[in-house]
Amino acid sequence: MSLTRLPCACGFVWLLAVVAVAWLSTQKENDTIYDMKLCSIKQIRTGKIYRTEAVEMGDVLFYAYDKPRILKHPCKSNMALYMGNALFLTKDNFHSSLLPLNLPKMFAVKSPNVSAAVYSSSCILLIINGNVYAYDYEDGSWSILLITQVYFTNIYTEYCCYSNDYSCSSVNNLILVYAIGGPVSEAVIYISNSLGFNFEELHLPQLKLLNGTFEGIFFFHSMSKFAVLLKNGDTARFAYTEPPQNETWGLPFPMSRHLRMVNLPGLKGFLIFWHSHRLLFSHNSGQLVEDIPIKEKKLVKHESFGQSGKSIYTIAGYENELAVLTTDFHFYYGTLGLLSTSLTKIAEEIPVTKDSALMFESVGNVMIVSPGKDVDDQSYDFTLCCVNMQYVLMELEIGLKSCKAEILHGDFDKKMHVLDMGETLELSAQLVPQPSQLPIPIVTVSNPHSLGFQVKMYEDGYTFEGNTKFTINITLMQQHTSGRAHESFISNVKIPSLSTITLDLIERGMSCIDLQPPSGLISIGCNWKKKIIVRRDLNACVKKFLKPVELENNYTYIIEKGSYDPNYHSRPQQNNVDLTIIYDYEELGCPGLVYYNSPWKPVIELWEETRRVEVVKTEFVLIEIHGLYTYNYSMTVGEASCVSQAQNWSSMIDASTVKGVHSWNRQNYLSCHEDHESAPLLWPNVEYQVLGGSTKNSIIFDQRNGIYVFLVRIVDPFYSYCDLTTTFSIYVYGAFPKQVLPDYLVFIVTLGFMLIFLWLGYIIPKLLKSEHGQKLKSFFQNLLHKNKKEKVKFNLPKSSK
């Protein structure tokens, strides 16, 4: 879109107010020079007449470097931390007077200097005199997080502002603390995976093999790699410590002295390195670091900032923009990108003081912040110089061409998308060129080792002005399944990763300030909306085996001694006591119904939120969570056609530090249908305890009726990045009660009764033929005849009167 006149982000300032403020400021600061062509001025002095509470002053914090800087919160647009001779935290972009940050005197830290700071949750973590402190800006409290004998100098983290998803949380949780300047083999690094509340020392064996001066360690999440910055002589380079870039190096770049690094938000891998006479940029997480050329009137005048003879005072970066202020108060502005990185001198005299610092208030709006002490109050006032770059560039005659595109928009911009195992993701974008222009779009990803893509572009109608609209379709897939990359280039498909995707224009230039490249985050990992459910076509409540009312009312059942193993390690023949279980009806519902003597395998369904996706046919395992083992598997390892020894619950529990139902999962599962040298096939006759997949393995229950509560887990590592797990219950019925006596005793008793009956069949006829037998026979005949007479007598009808 072509340049238009837009108001400054700080608002319109009427001429009279500007003159008055300029005159007042000139009286207070004699070294201030105002150039009304560059920016509009505001002097902030607010809220002092209403402040009545006593302010408990501590030790005033100050920045360890001699040049001030502003640390902008990457996710909260109005929050920023000014670091100079004092530290100020603003929640409204310095549009109010502020008190300097003070460290309470109870910490007994005299002259507290701050060498680095990062944001973490509702806190700011600061390196103060070599130790890590936290300032909670929600309640104004301070705490000590890490004190060691090491004098720390740097703290590092990356930010994910796209969502509250676990993938974003894992990025924000990781914080590194370290000291620079010594040999890399002796580097001491601490890491926190809990927003800085708990630190532990990080040991990387790879560091012992590296040579050079340790200048920093970083975790570039969009590449999923630790990267170590090493300095040797006057050059430096990054060493990457994990696959697929383990034992690989970034290209060397000049570094005669320590460079300060700024990692721009957005996880795109945009890094800025600088000291007073050097300014470098990397668009790929340090793999390639180059000087930023300096332009004047659209021509490159200097290939590097050092050649310009200027000295950098402070810098500020924001997404795809960079602003630089020199010690002689020259102002430079430029764009950052794959092919369009450059700086252009904007003004030579700007309204700054020795304490001024730069920040971006929003896209295309630079703010020069100058704090000033009020002699009558403890708080500081701020002079704000708001620079609307689009307005300034339009006014300056520097030969800028108009932007080649009118619209560049992507539906993925500032969003996070999830790409689970084996899936593809369809994204789209719209491009509308300016009349007679042919902008060339380019799609880039920050982690090509994990994320592959295909792009199609086609005409898709016209705008109201008659310009052609183009639709850009982007198909994302895992690089592992794309078939377009060499095996040595591809990341391990089992490990989740992150990548950003950006749609930019070749030679976008500074004229496209309001046409920022759309960029989004792709989480190649678990889709947390997924879950598994065990299908229940028939349950025990429908068939009246159990009643829902009873199950809801703290229903209990008994697991007999000798039927369960509470440790899951072995299967003892008997236990000392019966186990009483309280049934969790709220979680489990009514149990499914299974006949005891028929092969059974649960039917598992994959759901995404409320949508049924498919029936799971891959490998899974299950275990009775209370230790019941009165069931067996229908197949052996040999019958399952295994070529290596199959895993089972006993071996996995014994080998795991986490005992119980979580010992066997997708991370440690090895299919027996693949040849593994570490597990040769030695016992083909043992049970095969994996269900699903290519086999017809199933469960057969012993002769026991009752409730079983199973945990089922998908263990196929190539099915999903999620730990797809659920619990469910079944009721086994149809089994006859087990006999109490042993088999041999039952056989003896039965044989005895048969012999007795045979003997009676032989001896009774002989007894009936004897004299005693005749008498006994006559006695029973007379008794039977008498009973018949009495019966007839009682059945006679009554006579009528």
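**Sheet strands and a pocket**

Reader: Hi! How many bridges join E37 to E40, and do they run parallel or antiparallel?

Author: There are 5 bridges between E37 and E40, and these strands run antiparallel. This is a predicted model, where local features need pLDDT of at least 70, side-chain atom pairs count only at 80 or more, and totals for chains, interfaces and linings use all residues. Residues are numbered from 1 along each chain as its sequence is written, and side-chain values use heavy atoms, without hydrogens and water.

Reader: Nice. Which residue of E40 is the bridge partner of Val443?

Author: In E40, Val443 is bridged to Leu503.

Reader: And what sheet do they belong to?

Author: E37 and E40 sit in an open sheet of 4 strands, ordered E35-E41-E40-E37, with mixed pairing. Its edge strands, each paired on one side only, are E35 (416–419) and E37 (441–445). Strands are DSSP runs of at least two residues, helices (H or I) of at least four, numbered from the N terminus; a pair needs at least two DSSP bridges.

Reader: Switching to pockets: what lies nearest the centre of the second largest one?

Author: Tyr166, Ser170, Ile495, Pro496 and Ser497 do, out of 34 lining residues. (A pocket is an open set of 1 Å grid points over the protein atoms alone where a 1.4 Å probe fits, with protein on both sides within 12 Å along at least five of seven lines; lining residues have an atom within 4 Å of a point.)

Reader: Which elements give two or more residues to that lining?

Author: Helix H2 (166–173), strand E40 (497–505) and strand E41 (519–524) do. The largest share, 5 residues, comes from H2.
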